[in-house]
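Thanks for passing this one along. Please have a look at the entry below, and then read my notes beside it.

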Amino acid sequence: RCLPNYCEHGGKCSQSWTTFYCDCNDTGYMGATCHNSIYEQSCEAYRHQGKMSGFFYIDSDGSGPLGPLRVFCNITEDKIWTAVQHNNTGLTRVQGADPEKPYTMSFNYNSSAEQLEAMINSAEYCEQEAAYHCKKSRLLNTPNGMPFAWWVGRANEKHLYWGGSLPGIQQCACGLEESCLDMRYFCNCDADREEWTNDTGLLAFKDHLPVTQIVITDTNRSNSEAAWKIGPLRCYGDRQFWNAASFNTEASYLHFPTLHAEVSADISFFFKTTAVSGVFLENLGIKDFIRVEINSPKEITFSIDVGNGPTEATVQSPTPLNDNQWHYVRAERNLKQTSLQVDSLPRKVLEAPAEGHFRLQLNSQLFVGGTASRQKGFLGCIRALHLNGQKLDLEERAKMTPGVKPGCPGHCSSYGNLCHNGGKCVEKYNGYSCDCTNSAYEGPFCKEEVSALFEAGTSITYIFQEPYPVTKNASTSSSAIYVDAVMSKENIAFSFLTAHTPSLLLYINSYFHEYLAVILSKNGSLQVRYKLSKDGLLIFTIDSGNFANRELHHVKINREGRELVIQVDQVLKLKHNFSEIDFKAIKSLTLGKVTDSLSLDPEVSKANAYGFTGCLSSVQYNHIAPLKSALRHPSVAPVTVKGPLTESSCASIMEADVNTVTTIYSSSDPFGKTDEREPLTNAVRSDSAVIGGVIAVVIFIIFCIIAIMSRFLYQHKQAHRSSQTKEKEYPENLESSFKADIDLQNTVSECKREYFI
């Protein structure tokens, strides 16, 4: 039963008297026949699982023959970048190359050419940086000469254009922009100057990527030198993930070539509809057929007949599926099973009969969104349709089909919940994005904290728009405007980390000399202080521990009307109902030290004297993010920063000493770019550091070996003398020997101590 082997993707076959089994361990695939990839097809798909930036495996053709590819997914902005590293992305120096002895470097991406080609074809845009730093070394030998350097791309084709230029144009970026150092040439390096210059740009014609080889032939003359760099392959966009079609009538459909899947078949897609029933797709044979449909608002059915009679796998949902939200369907058939998966509901699996027909033979066109009889057509949207790992371009086919439109609006209804912390979902033609403008967070899902380190004198003041031009002689009518400006709520959220008390964290004041202050008392307790014109001073103390303990604490203060709720570290700490609240005409919000401290009460003034030393993160006041405004838009937002303010990550420095203001740098790109104004400086410094380190380690090891051998020889010599003379040693000899031994032990001990440091 294992001949032929129906286990796919390298699965190991074993058998019993009645059937066969597939071991899919270490294949990257799963299922009864190792047909389904365990990886997503793109970084875009990982993003919609809520993943953050990191290394992932992607399988561009799903259940197809190509294996998974390890990539870096940069999920930090609206465009999700996919990066594939090769074996030499650093700056590399070249000397001594000429046309007879050219310098050649080939690139290894730890993948097959077919895997890279599939990834590139699935992307909307791809690029590779190409940099050539030169000193008396020509590049393309423009305007009319034969190039001295070139690169080889996909299909082993030689290309004579450089980064920033276009295919077929033997120029560099400066040639197209007419900005070369010498306008007689189309590349900076072709001017053949004695000083360092460079030609740098992006190779972005997808059909020529990736770069597989670079050849350099002009570094063998006097004072001739060059350094090159080819960056990682970077792509963004998934052309298939948002590829959709809208079916507007029951008689409309798209047709594609016949599905060839005799032994195994898988079908996956997203749909959304308000219709009660309809056929998603259908393919017929003489007797055989395959069909996926929605039978009722809560029921999806996968039907197939390979000659043994129809088999139906049905999944019933507890909630209606015609709710105009995106739902996922995956149907699979192989020699062992027929299965159907809908969203995250339990998978329906039917075992295949041990005997009988097993080949699915189809001969008609594949109908999507309808049937050959044009009955029970589908009304709604279908997106990201895959058949056996192959991607069907619904949008392109819909452009030429009446009753069907390319694309499908309304993604936020399904994915809007992925925008966190007050971020708003924004519809796009292909997908959606999260608008974090009014959120204290940032990133593709508004989940990345924005935080900074404060010192004792640091102050951030956000000035609110005045309700009207404030004058000293406010009239009665003007006061009425003030009364209308009563704040009905405060939604305050922030995180802090400090080891200092007392501290003033946040201070909000009004034009009526009312205020709201959040301080840390001397004993480390948290105080929320309201001063109102009618109720006077109200103090709410959270004394469940010392909050100045170098740990990150999260504070939420929510007031809706008269009800106040305070949470610390996601735990409800206090509830209070005001008798009357009239917090009016907010003037400013301050983080850290208040510079205008004349109107502060004694307790707040005492905390303000020390300001705040530590880390503040993701500060939100209603729809305003003052800390984010100070860090991201200091010249546009009505915000004033005084004293040292260093952007950092509170979570990253939780274990560090907050008394030392330290900047923590991080990069979303693991293949970071270096400063290339002097291309060989960094390499020389790096080489010198490595050589010096190696020499120091060798000397250190030799010193340790000499010390240990000296001790051993000394002990051996003493033992030899003792055996020859067999005389009783004098106390002074014992003492001197003991001292020498101790000194030697101390030497070895010190040597070990230095080694572990």
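The points below take up the disulfides, the nonpolar cores, the cavities and one serine in turn.

1. A word on the source before anything else: this is a predicted model. Please keep that in mind when you read the distances, angles and areas in the points that follow.

2. How many disulfides are there? The count comes to 13 disulfides. I picked out three of the pairs for a closer look, and they are taken one by one below.

3. Let me start with C2 and C13, which form a disulfide with sulfur atoms 2.0 Å apart. The link of C2 and C13 is left-handed, with -80 degrees about the S-S bond. C2 sits in the segment before β1 (12–15) and C13 in strand β1, and the two cysteines are 11 residues apart. Are these two cysteines buried or partly exposed? C2 has a relative accessible area of 16%, and because buried means under 20%, C2 counts as buried. C13, at 23% relative accessibility, counts as partly exposed.

4. Next comes the disulfide that joins C126 to C235, again with an S to S distance of 2.0 Å. Which parts of the chain does the pair tie together? C126 lies in strand β10 (residues 125–135) and C235 in strand β16 (residues 233–236), so the pair ties together parts that are 109 residues apart in sequence. The torsion about the S-S bond of C126 and C235 is about 110 degrees, so this disulfide is right-handed. Both ends are buried: C126 has a relative accessible area of 0%, and C235 has one of 2%.

5. The third pair is C174 and C180, a disulfide whose sulfur atoms are 2.0 Å apart. Its torsion about the S-S bond is about 85 degrees, so the disulfide of C174 and C180 is right-handed. Both C174 and C180 are buried.

6. Now to the nonpolar cores. The largest has 60 residues, and those with the most contacts inside it are Y132, L139, W162, W228, L233 and Y432. Strand β10 gives the largest share of this core, four residues. Where does the core lie with respect to the domains? Domain 2 (83–239) and domain 3 (243–408) both give residues to it, so the core lies between them.

7. W228, one of the residues with the most contacts inside that core, deserves a look of its own. Leaving aside neighbours within four places in sequence, W228 is in contact with N88, G90, L91, T92, V94, Y103, M105, F107, A131, Y132, I214 and I216. A second, separate core has 44 residues, including A452, L591, V619 and I624.

8. On empty space inside the model, the count comes to three cavities of 30 Å³ or more. The largest cavity holds about 150 Å³ of space. Which residues are closest to its centre? Of the 15 residues that line the largest cavity, the closest to its centre are S42, C43, T82, G237 and D238. The elements that give two or more residues to this lining are α1 (43–47), α2 (113–122) and β16.

9. Finally, a single residue: S303 is found in strand β22 (residues 299–305). S303 is buried, with a relative accessible area of 1%. Apart from neighbours within four places in sequence, S303 is in contact with F289, I290, R291, E293, T311 and E312.

Conventions:
Residues are numbered from 1 along each chain as its sequence is written. This is a predicted model: local features need pLDDT of at least 70, side-chain atom pairs count only at pLDDT 80 or more; totals for chains, interfaces and linings use all residues. Side-chain values use heavy atoms; hydrogens and water are left out. A disulfide is a pair of cysteine sulfur atoms within 2.5 Å. Buried means under 20% relative accessible area, exposed over 50%, partly exposed in between (1.4 Å probe, protein chains only). A nonpolar core is a set of buried Ala, Val, Leu, Ile, Met, Phe, Trp, Tyr and Cys residues joined through side-chain atoms within 4.5 Å. Domain bounds come from an automatic or database domain assignment. Contact means heavy atoms within 4.5 Å. On a 1 Å grid over the protein atoms alone, a cavity is a set of points where a 1.4 Å probe fits but cannot get out, and a pocket is an open set with protein on both sides within 12 Å along at least five of seven lines; lining residues have an atom within 4 Å of a point. Grid points are joined across faces, edges and corners, and a volume is the space filled by probe spheres set on the points.
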